[in-house]
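Good morning. I will take a few minutes to walk through one protein chain, and I will explain the terms as they come up.

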Amino acid sequence: MSNLKEDALKYHAEPRPGKIATHITKPTATQRDLALAYSPGVAEPVREIHKDPEAAYLYTGKGNLVAVISDGSAVLGLGNVGALAGKPVMEGKGLLFKRFADIDVFDIEVATQDVEEFITVVKNIAGTFGGINLEDISAPRCFEIEKRLQAMLDIPVFHDDQHGTAVIIASGLMNALEIQGKKIGDVNIVCVGAGAAGIASMNLLGALGADKQKLLMVDSKGVLHTGRTDLNAFKRDYAVETDKHTLADACQGADVFIGLSGPDIMTVDMLNSMAANPIVFALSNPDPEINPAVALAARSDLIMATGRSDQPNQINNVLGFPFLFRGALDVRARCINIEMLKAAVYTLAELAREPVPQDVLDAYGLDALVFGKEYIIPKPFDLRLRERVPAAVSKAARDSGVARL
C-alpha cells in the first residue's frame with residue numbers, strides 16, 4: 001500500500017492521460033464511407049430524427065450512452081473538491097459502465113453548485129443521452145435535483161450514491177437476515193448517516209417490508225426523533241418518537257447496524273449491546289465504523305460487511321448501477337423506478353445463494369465460496385450478473401409500464 005499514491009498517479013497518466021476515450025464504430029476507409037458518415041449522407045438520419053425524435057435511438061448512439069454528471073460537491077470521502085477535481089472519479093464510473101455492462105459514457109463536470117443552474121444545464125443536454133447518472137452531489141440538494149430532472153425528462157435520471165448503494169445494501173441484508181433467521185418486517189434497524197445513501201437505503205428497505213417504526217436514523221447530532229427542530233424535510237420523514245437519543249442508545253437491542261458515516265464510531269460496547277445474531281454493515285471507506293477483526297472477535301454470532309475489497313461481503317455499487325442501466329436502456333425505459341430497484345435486489349440476493357462458477361473462484365484465488373456468513377452477495381466479476389440482473393430490471397420496467405420496447 002506504500003506505493004499506492006505513486007501507482008495511482010502513474011495509472012491515470014500513462015500511457016495516455018485519463019481512463020476513457022471514444023472509438024469509431026463505422027468503416028472510414030474510403031471516400032464513400034466518409035460520404036455516408038458525414039456530408040452528404042448524414043443528412044438522411046437528420047431528416048428522420050427531425051420527423052420522429054425516437055429515430056435517434058435507431059441512427060445514433062443515444063440508446064447506449066449515459067451521462068455521468070457531477071458538480072463535485074461530495075466526491076467519495078474527499079468532500080467538496082469541485083467539479084474538475086472530481087473528473088477522475090467520473091471517468092472511473094465510465095470505465096465501470098463499459099467494463100461491466102458495455103455502456104458508453106460521457107463524463108460531464110458542471111462548474112456550478114447552484115441547484116437551478118445545474119438542473120438547467122442537465123435538462124438542456126439530456127437529449128444526447130439514453131440515461132443520466134448523477135454522481136457525487138451533496139445532500140439534501142441531490143434529492144431535489146434528481147426528483148425535478150426525472151419529472152422533466154423521459155429518460156432515466158439516477159443518483160447512484162442514493163439508489164445504487166441502496167440496492168446493494170438491501171440485497172446483502174436480505175441474505176444476511178435469511179442466514180440469521182430473521183425477517184425484515186420484525187428487525188430493529190439502526191442507520192448511521194442520514195445523507196443521500198442513508199435515506200435512499202431506508203426508503204428501499206421500507207419498500208421491501210421494513211417497519212419504519214423499528215428504524216432509527218442517526219446523524220452527527222444523534223437519533224432523528226420528533227423532539228428535534230433542526231431536521232430538513234428528508235430527515236423529518238424519519239424522525240420517530242423515542243427516548244433513544246444517542247448512537248449508543250440506538251444500538252441497544254438492535255438487530256441491524258448500517259453505517260454510512262465515518263470511521264470508528266461504533267464501539268465494542270455498542271456492538272455487544274445489540275440483539276443476538278446481529279448484522280453490521282460498516283460501510284465507511286476506507287476505514288469502517290468498526291474494525292472487522294475487532295467486531296468479529298467480540299461477537300461470534302455476527303455477520304459483517306464493509307465497503308472494502310479486502311474483506312468478505314463487500315457492499316460494492318458496481319454490482320448495481322451498470323446492470324440497472326443496462327436493463328433500463330435495453331427497453332428504453334423512461335425512468336428507473338422502485339419496481340426495477342426491487343427486481344435488482346431480489347436477483348442479486350438469489351445469485352449469491354447459487355453455486356459459484358469456477359471462473360469466479362479463479363478470479364479471486366479461492367478454492368470455494370458458499371452462501372453463508374462470509375458470502376452474502378455476489379462478486380463483481382461473476383459473469384452471471386450481466387445476464388441475470390439486466391433481464392430482471394427490463395422485465396420490471398415492462399411490467400410497470402415505463403418501457404418503450
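How many helices and strands are there in the protein chain? The chain has 17 helices and 10 strands. Helices (H or I, at least four residues) and strands (E, at least two) are DSSP runs, numbered from the N terminus.

A word on where this comes from. This is a predicted model, in which local features need pLDDT of at least 70 and side-chain atom pairs count only at pLDDT 80 or more, while totals for chains, interfaces and linings use all residues. Residues are numbered from 1 along each chain as its sequence is written, and side-chain values use heavy atoms, with hydrogens and water left out.

Now the overall shape. The C-alpha trace spans about 75 × 55 × 45 Å along its principal axes. A compact globule of 405 residues would have a radius of gyration near 22 Å, and the protein chain has 22 Å, which agrees. That radius is taken over C-alpha atoms, and the globule rule is 2.2 Å times the number of residues to the power 0.38. Buried residues make up 51% of the 405 residues. Buried means under 20% relative accessible area, exposed means over 50%, and partly exposed is in between, with a 1.4 Å probe and protein chains only. Contact means heavy atoms within 4.5 Å. Among contacts between residues at least 6 apart in sequence, 68% join residues at least 24 apart.

Next, the strands. In general, strands of a sheet pair through backbone hydrogen bonds, either parallel or antiparallel. Here two strands pair if DSSP finds at least two bridges between them. Strand S1 (residues 65-70) and strand S2 (residues 104-109) run parallel and are joined by 6 bridges. One pair to look for is Ile 69 with its bridge partner Ile 108 in S2. Together with helix H5 (residues 87-101), S1 and S2 make a right-handed β-α-β unit. Right-handed means that, with the strands pointing away from the viewer, the path from the first strand over the helix to the second runs clockwise.

In what order do the strands of the open sheet of 6 strands come? The order is S7-S6-S5-S8-S9-S10, with mixed pairing. Strand S7 (222-223) and S10 stand at the edges with a single partner strand each, so one side of each is left without a neighbour in the sheet. At the S7 edge, strand S6 (residues 215-219) pairs with S7 in the antiparallel sense over 2 bridges. Helix H8 (residues 160-180) packs on this sheet and touches strand S8 (256-259), S9 and S10. The direction of H8 makes about 155 degrees with that of S9; axes are lines fitted to C-alpha atoms, for helices over the stretch in contact, and angles run from 0 to 180 degrees between N-to-C directions.

At the other edge, S9 and S10 run parallel, joined by 4 bridges. Ala 282 has Thr 306 as its bridge partner in S10. S9, H13 and S10 form a right-handed β-α-β unit. Both faces of S10 are covered: Ile 303 and Ala 305 on one side, and Met 304 and Thr 306 on the other, are all buried.

Some of the loops come next. Which residues does the UniProt annotation "binding site" cover? In that unreviewed entry, the annotation covers Asn 285 and Asn 316. They are spread over 32 residues of sequence but cluster in space, with a largest C-alpha distance of 11.1 Å. UniProt positions are given in the numbering used here, feature names are shortened, and annotations may be inferred rather than shown by experiment. Asn 285 is in the loop between strand S9 (279-282) and helix H13 (292-298), and is partly exposed at 46% relative accessible area. Asn 316, in the loop between strand S10 (303-306) and H14, is buried at 18%. Not counting residues up to four places away in sequence, Asn 285 touches Gly 307 and Arg 308, whereas Asn 316 is in contact with Ile 168 and Pro 380.

Last, some backbone details. Most residues other than glycine have a negative phi, and most peptide bonds are trans. A cis peptide bond joins Glu 14 and Pro 15, with omega about -5 degrees. Another cis bond runs from Ala 139 to Pro 140, with omega near 0 degrees. Pro 140 lies in the loop between strand S3 (131-134) and helix H7 (141-152). Asp 136 is also in the loop between S3 and H7, with a positive phi near 55 degrees, and counts as buried at 3% relative accessibility.
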